[in-house]
Amino acid sequence: MPAWYRSLFVADALERFGYYGMHAVLVLFAAGARADGGLGLSIGDAAALFGMWVSLMFALSLLGGWLGDRVLGQRPALIGGSMLSAAGYAMLACPWPGAALTGLAVVAVGGALFKPNHQALVNTLLPDQAARESGISLMYVGTQFSALVAPLVTGFVGERVDWQLGFGLGAAVMAACGVWLLVTAPGFDGAGTSPRRPLDEAERRRVGVWAAVGGLLVAALVAGAVTGRVGVLGGVAVVGLVSLLLTVGGYVWLHRDPLLGAADRRRLRVFLLVFLGTTLFWMIIAQAGSVLTAFARDEVDRQFGGFLVPASWLQAVTPLGLLVFAPVLASVLPRYGRRHALAGRLATGLALVGAGFLLMAVAAVTAAGPARASAGWLVACYLCNAVGEIVVAAASIAACAEVLPMAFLGRVMGMYWLFAAIGGGVGNGALARLSTTVPLPRYFAVLGGLAVAAGIAFHLGRRRLSAALAPEPATVAADPAPAAG
């Protein structure tokens, strides 16, 4: 591995520890009794809070990618994102009123700076599509060690010891991530230090105005959270509206960029189908931390040899499945659908996560009887999610580098996560609340069937999608080769 790859590999593992630790405990913390340090919310409101956090982080990724492309440079954005996330986790560890909402917002901003710029830097420094997909796959699988350990450690500390101590672990890990990126800076040979296309003077003035407006809105929301005037449902509504406006406005903004040619815009329009497919995919995956965790807590037999397994521990099945199945899939995937790899993998991933939810429909029927459901049903669903992630994630992220010229990569990655924000917000907001009113067998069956149907549609249209995304001569001057290439 080059020095820069080792640095980004470790940084991603550390950042994912914080994210998956939060993923494991946030709903349980929010639904926990106030006497035990929780927020005392209903399970529906707790799931909505989780969805607000995920949605806000993904929605702000377009802005995070743009800041890396045009203002900060990718590496300063990574360091800033790490430190902001550390501060947010530290706020969550504080008992003062409003700390939870404020801390979640700060963690979301930190993640929005980190994730798109991390992926953009990896895509930039790896030389071609094959190397990008391979490098991202290796990094994606490597970070599953963090995803495996985080629910076990943070989940146990949060559920059995103290919620705030669990968040404190996240703060320490993210601070270590920022320090690591600073220490390993020489390995990048200057790559990612400055923006690829800096703002001109007129753009700086416009950005200053928008930054002032955004700062006032953020200050108003923080003040409302601290004083208790903006509650969970109000925050969910605001974040949902912001996510929708950012997604639509961001796509139109990118599509109308004057530096794009007709061929670039055509590919971006076709890639909208990929964005929508991954939105549905992440909408199903995101419910692991809300609907499935609530199901594990309330409907699953978790007794094992006299020990009550924490509900958050079951989320470790997904990264464990990734680590177990990754070697097999790594040998199969390069030979699978070479001509139509992206469409074929989206089809397979959607079919897998849909099948997992169809299994959960059977589990919900079982749990409706006198006995709780076996944990095996939930394990099978998480394993379907794991294999689906292996199939979809690397291929779809790597494909973002092929849509537009490299100068737009940060914004394309931001758009990818904006659409994921819609999926995460809907999955953990409206749908998670719906799961508390609709019979669970029907809820799981309808969503599972929808994902399987979408997978079949991508399979049938794979040739047309591949032809429409085929590269054409660039209409924007190529960027100079990165220093560490």
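## Buried charge at D12

D12 has a relative accessibility of 5% and therefore counts as buried. The model under discussion is a predicted one, and D12 takes part in a salt bridge with K115. Between these two side chains, the closest N and O atoms are 2.9 Å apart. K115 is likewise buried, because its relative accessible area of 12% falls under the 20% cut-off.

The D12–K115 pair joins distant parts of the chain, with the two positions 103 residues apart. D12 belongs to helix α1, which covers residues 3–31, whereas K115 belongs to helix α5, which covers residues 99–125.

## Other salt bridges

In total, the structure contains four salt bridges. One of them is formed by the side chains of R16 and E15, with an N to O distance of 2.7 Å. Both R16 and E15 are buried.

Another salt bridge connects D264 with R267, and here the closest N and O atoms are 2.7 Å apart. Both partners are located in helix α11, which runs over residues 262–285. They are three residues apart, a spacing of about one turn of the helix. D264 counts as buried because its relative accessibility is 1%, under the limit of 20%. R267 also counts as buried, with a relative accessibility of 6%.

## Overall architecture

The protein comprises 19 helices and two strands. Of its 485 residues, 55% count as buried. Among contacts in the protein with a separation of 6 or more, 84% are accounted for by residues 24 or more positions apart.

The exposed area of the protein is about 19200 Å². Carbon and sulfur atoms supply 71% of that area.

## Nonpolar core

In soluble globular proteins, nonpolar side chains tend to be buried together. The largest nonpolar core of this model has 137 residues. Within this core, W53, F271, L292, F295 and F444 are the residues that touch the most other members. Helix α1 contributes the largest share of the core, namely 17 residues.

The surroundings of L292 can be described in greater detail. With neighbours within four places in sequence set aside, L292 is in contact with Q287, F357, M360, L378, C381, Y382, N385 and F444. F444 thus appears both in this list of contacts and among the core residues that touch the most other members.

## Nonpolar surface patch

M83, V179, L182 and V183 make up a nonpolar patch on the surface. Together, these residues have about 360 Å² of accessible area. Helix α8, formed by residues 163–183, gives the most to the patch, with three residues.

M83 is located in helix α4, which spans residues 74–92. With a relative accessibility of 33%, M83 counts as partly exposed, because this value lies between the 20% limit for buried and the 50% limit for exposed residues.

## Position of L450

L450 is part of helix α18, which extends over residues 440–460. Its relative accessibility is 46%, so L450 counts as partly exposed. L450 and L350 are 100 residues apart along the chain, and their C-alpha atoms are separated by 9.1 Å.

How values were computed: Residues numbered from 1 in each chain as written. Predicted model: local features only at pLDDT ≥ 70, side-chain atom pairs only at ≥ 80, totals over all residues. Heavy atoms only, no water. Helix = DSSP H or I, 4+ residues; strand = E, 2+ residues; numbered from the N terminus. Buried < 20%, exposed > 50% of the residue type's maximum accessible area, 1.4 Å probe, protein only. Contact = heavy atoms within 4.5 Å. Areas by Shrake-Rupley, 256 points an atom, 1.4 Å probe, with all protein chains shown as cover. Patch = residues over 30% accessible without salt bridge, like charges linked within 9 Å, V, L, I, M, F, W, Y side chains within 5 Å. Core = buried A, V, L, I, M, F, W, Y, C linked by side-chain atoms within 4.5 Å.
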